[in-house]
Amino acid sequence: MTFEEDGIVTDHAEQDRAYGFETRQLHAGQRPDPNTGARAVPIFQTTSYVFEDPESAAAYFNLQEYGNTYSRIMNPTVAVFEERVANLEGAAGGVAFASGIAAQAAALFTLLQPGDHVVASSALYGGTVNQFKHLLRKMNVELTWVDPDDPDAWRKAVGANTKAFFGETIGNPGGNVLDIETVASIAHEHELPLIVDNTFATPYLCRPIEWGADIVIHSATKFIGGHGTSIGGVVVEAGTFDWSNGRFPVVADPSPAYHGLQFHETFGTYGYLMKLRAETLRDLGGALAPLNAFLFLQGLETLSLRMDRHVANAQAIAAFLDSHELASNVTYAGRPESKYRSLVEKYLPRGAGAVFSFDCAGGRTGGQDLIRGVTLWSHLANVGDAKSLIIHPASTTHRQLSDDELRAAGVGPGTVRLSVGTESVEDLIWDLEQGFAKVATA
Amino acid sequence: MTDLARYQDALTIQHVLNTAKTIAVVGLSPNELRASYFVGYYLKRHGYRVIPVNPRESQILGETSYPSLSEVPEKVDVVNVFRAPDALPGIARDAVAIGASTLWCQFGVINEEGARIAEDGGMTVIMDRCLKVEHARYVGRMHWLGFNTQRITSVRAGLQ
């Protein structure tokens, strides 16, 4: 078909096609730049945008027209990243943030007000636990922690003021796999949204929205970026949750922060996302830098290739540790013996990611000796890099805790967390052997 | 269940967006915070002739508002519906009678009888889709705000 589009005739009307994941990780969210023809995503390193005329400026600020105003709220490079993640997750759209923690805070601030209550999995990333325990409580938001593996625990925790369920696809570092479909259906029975942190799985291994999740959060710092270069996060939303069900006046009622606009009624599918951007991001700040968005897009282009390799290496390392006399309690959910095996087959058929922990013989000292002995694994506090990473929580992130407190946090004195990279796997195993040799001779 | 996919074909939607000139918005609200006003304002901004159809108003968006489609004194290409689904059969009859070529029903405006009346009258029917969103998806700037347009293309086309 030939259409005349803005005075330019094009022979390329676009057909509906269900493009594959690998195509979308390269193309979604970007068209060749219409002004320059640039094939790569241009880095729009600008704070602000010249308006055509006063009417256009007003239309942008009134949200009557999709327009760029100020890079704290939107940026064309960041927008490609947002759309690409939304596309890969099967969401209506996305909003990016300066970190995963900022993304999470914004996702929650958009739907919570003082006096509200959140039900959260007890097996969450420590940074999330801090945010919920301290920041949310300071905002007078009540928390109930539940065993994520127990559906009844989620159900029983719901109260009149509950506003959301929160869990992780793959728990950190215990490797719990969330039964997303079951927990989502319990949330929906109570007209609540399920929020899932999908950082460890990435949309290549699991797409929580396909199983009923309403909001998905990523620390893009990890596998999405994939190369340990940039801090960032993103929130995507399915666009199907009924925010006008009476439980969410902060989303549905006329907004005093936006001249009385009712975001859900006016924007429907896009109401929550519009509010997340036009109010929460605007007012909390924490915008993602365009250069970081560009680096995340570079990462996404190879996401499926890297994740397949991460998974293959993680499986090999887990099997090696399983058979090693100085290692025990290997938490990798991808092991055939894992109690999460059936959930992995359902939600993570391509693999259970590449982050897990194990207990090193010798307790606190044993863990430290292992770290001292390795020369290829990088000793640092991050996960999801193409390079293999190792850390001993008892002497770093959980250093202030006694052995008893460590155990309560699900971390043993000798627990070592691995983020398995994409190196030659025989080199990774050789290096761990070097570390275990130090433990054995200590 | 109405099979909505047949009323949401991508090529048909692009054809309507690229050939329509005059759009009658049935149920256009004068309240600038309502979705219909957002859509009407946007369409007018993008060069379409927008004709309000609302019996309670005389003027909306600076345009004369007519009590019904049959009273619109000029040729209408698209009838865009912001009314309760059960109003659709009557609107569809009027749309056929005035010779409009497309019946475009907004999100949630789903009524099989209305769609059939319009189709039997030779009209193209789009249902449960927003005219503003589809315009922004294919012609406009929806991708600037991180929404999932689901578009994949390596063709250089259009100017911003």
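Which residues of β11(A) are buried on one side, and which on the other? The legends below, which describe a predicted model, begin with this strand.

**View 1. Strand β11 of chain A is covered on both faces.** On one side of β11(A), A:Val355, A:Ser357 and A:Asp359 are buried, and on the other side A:Phe356, A:Phe358 and A:Cys360 are buried. The strand spans residues 355-360 of chain A, and six of its six residues are buried.

**View 2. Strands β10 and β14 of chain A each pair with β11(A) in the antiparallel sense.** Strand β10, residues 327-328 of chain A, is joined to β11(A) by two bridges. In this pairing A:Ser328 is found opposite A:Asp359 of β11(A), a residue that is itself buried. Strand β14, residues 415-419 of chain A, is joined to β11(A) by five bridges. Here A:Arg417 of β14(A) is the bridge partner of A:Ser357, which lies on the side of β11(A) that also holds A:Val355 and A:Asp359.

**View 3. Domain 1 and domain 2 of chain A are in contact.** Domain 1 comprises residues 18-299 of chain A, and domain 2 comprises residues 304-441. Their C-alpha centres are 29 Å apart. The contact involves 26 residues of domain 1 and 27 residues of domain 2. On the domain 1 side, the elements contributing two or more residues are α1 (21-27) and α8 (202-205) of chain A. The residues of this side comprise 13 nonpolar, ten polar and three charged.

**View 4. An open sheet of five parallel strands is formed in chain B.** The strand order is β2-β1-β5-β6-β7. Strands β2 (49-53) and β7 (124-127) of chain B occupy the edges; each has a single partner strand, and therefore one side of each lacks a neighbour in the sheet. On average, neighbouring strands are turned by 20° against each other, direction ignored.

**View 5. Helix α3 of chain B packs on the sheet.** The helix, residues 88-97, touches β1, β5 (78-81) and β6 (102-105) of chain B. The direction of α3 makes an angle of about 165° with that of β5(B).

**View 6. Strand β1 of chain B pairs with the edge strand β2(B).** Five bridges connect β1, residues 22-26 of chain B, with β2(B), and the pairing is parallel. Within this pair, B:Thr22 is positioned opposite B:Arg49 of β2(B). Strand β1 of chain B is also one of the strands touched by helix α3.

Key: Residues numbered from 1 in each chain as written. Chains lettered and ligands numbered in written order. Predicted model: local features only at pLDDT ≥ 70, side-chain atom pairs only at ≥ 80, totals over all residues. Pairing = 2+ DSSP bridges. Helix = DSSP H or I, 4+ residues; strand = E, 2+ residues; numbered from the N terminus. Axes fitted to C-alpha atoms, helices over the stretch in contact; angles between N-to-C directions. Contact = placed C-beta atoms within 7 Å. Domains from an automatic or database assignment. Nonpolar A, V, L, I, M, F, W, Y, C, P; charged D, E, K, R; others polar. Buried ≥ 20, exposed ≤ 12 C-beta atoms within 10 Å, placed from the backbone.
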